[in-house]
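Biologist: I would like to go through this structure one feature at a time. Please give the general idea of each feature, then the case here.

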Amino acid sequence: MELLLQLLANGLVAGSGWAMVALGFGLIFRVTATFHLAHGSVYAAAGYFAYTAAGEWGLPWSAAFALAAAGATALGCLIDLGIYRPLRDREASPFVVLVSSLGAAVFLNNLYGLVWSQQVRNLTVAAGPGYALGPVTLSGVQVATVAAAAVATAGLLAFLAWSRAGIAMRAVANSPFMARSVGVPVERVRLLTFAVGSFLAAPAGILTTLDTGARPDMGLAVVLMATISVFVGGIGSLGGAALAALGLGLVINLGIWQWSARWQDAIAFSVLLGFVILRPRGLFGMRRRQAEV
Amino acid sequence: MTSRRAGQGRWALAAALAAVLIHGGVAHAQPKSYRFGAVLPLTGNGATAGEWMRKGTELAVAEINAKGGIDGVPLEAVFEDSQTLARAGVSAITKLVAVDRVPFVHTAYTGITLAMVPIAEKNKIVLMNGGGVSPRLGGASPMLFNQIPLGDFQFAVLARYVRDDLKLDRVAIIYRNDDYGDGMAEWARRELPRIRLNLVGAESFEFGSQDFRSQLAKLRATNPAGIFVVAAGLEQANILKQAAEMGLKVTWLGFTPFESRDIAQIAAVPAEGSRYTMPEAVGPRYDALLAAFTARYKMGQPDYLVAGYYDATEIFANALRYARGKGWEYTGDSIRKALLEMPPYDGIFGKTQFAADGTVRKSISIKTFRGGKPAVVKTFSLDEILRMQ
């Protein structure tokens, strides 16, 4: 029982990290229709910026993390301005956008390798005892990850529900044409969406760097899990994406309980395949006709 | 008389001409440099390790060349990136064969090395493993040499030490799911019961993993007194760190890769009291390496891989000198023959004398971390180890 609870807690932590990335990925996908694979590189950038600011420049952690979040947000905006907006202007096909996002991810990962080297960059806090919650033990970084994911999810849903910018994002997501016709500055909203989505990935990148270090390709696996979460949660349902990420973390860790950890990826993709075949609209996704309306 | 003198003169002229031709011929055949390859994981999951390997190789090349190279000819290392992938390693050695035409190549990582073996055998290229310890490397090819005692040799020493000196009865193993980890786990499952060590748990992880908490939770449930760690670099440091955060208190047991800077930086506290094996490395050569490394790279304690690839390069230079002394050409076959025939090389990790299967046996030290720094607890001489087995 103790083992099961610990594995569930580990799954919750892993899922929380993926949830933050999935929220940003899902938001960008829903509002701008961009399959933003380079989102993983934005997540990695936050880790590297935090490493540089705190580890190399010696800034206090709070300042370093704020700088890292600002840097990641700026990078997300730059990717939109430099790559996706010109493609949208030329009415490029979704396939071209997808390939471009893949190219941006590969370019950025290589750039990180050149700037920070291929070695893992540690901002890792030295080993110490964790927090015991009954039979479960979690480290400080793990507790912070769960808390950050909860704040990010609640904050994003509130932002979309009640702020003018959030409502504008929903309008653009539903119909850019209609939004533009009622005076919504669509391109500015899209840029804001990249800013918000990138900002959401920053805490996950920073916390991962604190936990296990940063490396150039750290975003690939995470963006993969985020993608699965968005599809399983249901396109358009950001709360669903966050819940799906948590569920994915739990399922994978329960899988480890019974089988070897080498089957982690197989379990994750089995979940995706199961949903694609049995429930293509995901857990909370709207039916196509409803979504169009 | 005149004709005898004339005859002698003709002989002298012919001899002189022959000498000029031979000498000139040799001078003409003298290469600008002796090139050798190094297919190392400079990017990808093994990039940190690859950087240490590159530094060790470069340091040895610089020192050899500063002393005049090989009879005046400098050594030149051609580095290729395996990206820590077998297929990229195969591409790299193919390029070294076709373009650089090197007869000798440093390799790293078991899976990559084994993937390169067919090309090495076909083209008669010597592969020198400077740091990998998977048992699967032993006798894998007549062209493959391993200059560090392999994992089965080290495991046998550590397992008996765990049983006889530490008196631990329940042990577990956490290992990387690759040729290195699988080879060691295979050995553990087969051999530990034979020496009456109870293997109560075995968990694996994928190469490049950074979160080991679930595997550690499963191992904790088996209540082991000691856990063998078959991993490298940051993987090990994260395993120890995450175990400490989970409150898992065991004696950590490892092998040569355990002596990494990552453990000293991140997991120094949980590593206190650990035990791991390392070929005995004492004396002035080790001190000289530390001083040279610090002077060149402005860094502190190097990883064991620096010493491993430094030794591997020195061994190559010695083999080259031996082959030249015998008048052999610069080919893989002659380097291989030299490696098997030449006198033992006295390196950082003691005397290296290759067996016919390309492996070495050396004295093994049992080490630990004290105050975040590696320290020798006990050393088993080669004779003692052979008696054990």
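Biologist: Is Lys95(B) buried, partly exposed or exposed?

Modeller: This is a predicted model, and the answer is computed from it. Lys95(B) is partly exposed, because its relative accessibility is 30%, and the partly exposed class runs between 20% and 50%.

Biologist: Which residue does Lys95(B) form a salt bridge with?

Modeller: The general idea is that side chains of opposite charge can pair when their charged atoms come close. Here Lys95(B) pairs with Glu80(B), and the closest N and O atoms are 2.7 Å apart. Lys95(B) belongs to helix α3 of chain B and Glu80(B) to strand β2 (residues 75-81) of chain B, so the salt bridge ties together parts 15 residues apart in sequence. Glu80(B) is buried, at a relative accessible area of 17%.

Biologist: Which residue of strand β1 of chain B is linked to Asp100(B) in helix α3?

Modeller: That residue is Arg35(B). The two form a salt bridge with 3.2 Å between the closest N and O atoms. Strand β1 covers residues 34-40 and helix α3 residues 86-100, and the partners are 65 residues apart, which the description of the pair counts as distant parts of the chain. Asp100(B) is buried because its relative accessible area is 11%, while Arg35(B) is partly exposed at 30%.

Biologist: Where does Arg136(B) lie, and where does its partner Asp179(B) lie?

Modeller: Arg136(B) sits in the loop between β4 (126-129) and β5 (144-146) of chain B, and Asp179(B) in helix α6 (residues 179-191) of chain B, 43 residues apart. Their side chains meet in a salt bridge of 2.8 Å, N to O. Both partners are partly exposed: Arg136(B) at 31% relative accessibility and Asp179(B) at 25%.

Biologist: Which residues do salt bridges that share partners join into one network?

Modeller: In chain A, the network is made up of Asp80(A), Arg85(A), Arg88(A), Glu187(A) and Arg190(A). Over all chains, the structure holds 30 salt bridges.

Biologist: How many salt bridges does the rule find across the interface of chain A and chain B?

Modeller: Two. One of them joins Asp211(A) to Arg213(B), with the closest N and O atoms 2.8 Å apart. Between the two chains there are also seven residue pairs in polar contact. On the side of chain A that touches chain B, α1 (2-32), α8 (186-212) and α10 (238-258) each supply at least two residues. The most come from α1(A), which gives five. By class, this side has 13 nonpolar, 15 polar and five charged residues.

Biologist: What area is buried between chain A and chain B?

Modeller: The size of an interface is often given as the accessible area lost when the parts come together. In this model that area is about 2,600 Å², with carbon and sulfur atoms giving 47%. The contact takes 33 residues from chain A and 33 residues from chain B.

Biologist: How many aromatic pairs does the structure hold over all chains?

Modeller: There are 29. One is formed by Trp52(B) and Phe293(B), a tilted pair with 6.0 Å centre to centre and 35 degrees between the planes. Trp52(B) is in helix α2 (residues 47-66) and Phe293(B) in helix α11 (residues 284-297) of chain B, 241 residues apart. Trp52(B) is buried at 7% relative accessible area, and Phe293(B) is buried at 0%.

Biologist: Which residues form one aromatic cluster?

Modeller: The cluster consists of Tyr34(B), Phe36(B), Phe104(B), Phe316(B) and Tyr330(B).

How values were computed
Residues numbered from 1 in each chain as written. Chains lettered and ligands numbered in written order. Predicted model: local features only at pLDDT ≥ 70, side-chain atom pairs only at ≥ 80, totals over all residues. Heavy atoms only, no water. Contact = heavy atoms within 4.5 Å. Buried area = accessible area lost by both parts, 1.4 Å probe. Salt bridge = Lys/Arg side-chain N within 4 Å of Asp/Glu carboxyl O. Polar contact = N/O pair within 3.5 Å; in protein donor to acceptor, adjacent residues only side chain to side chain. Helix = DSSP H or I, 4+ residues; strand = E, 2+ residues; numbered from the N terminus. Nonpolar A, V, L, I, M, F, W, Y, C, P; charged D, E, K, R; others polar. Buried < 20%, exposed > 50% of the residue type's maximum accessible area, 1.4 Å probe, protein only. Phe/Tyr/Trp six-rings, centres within 6.5 Å; stacked < 30°, edge-to-face > 60°.
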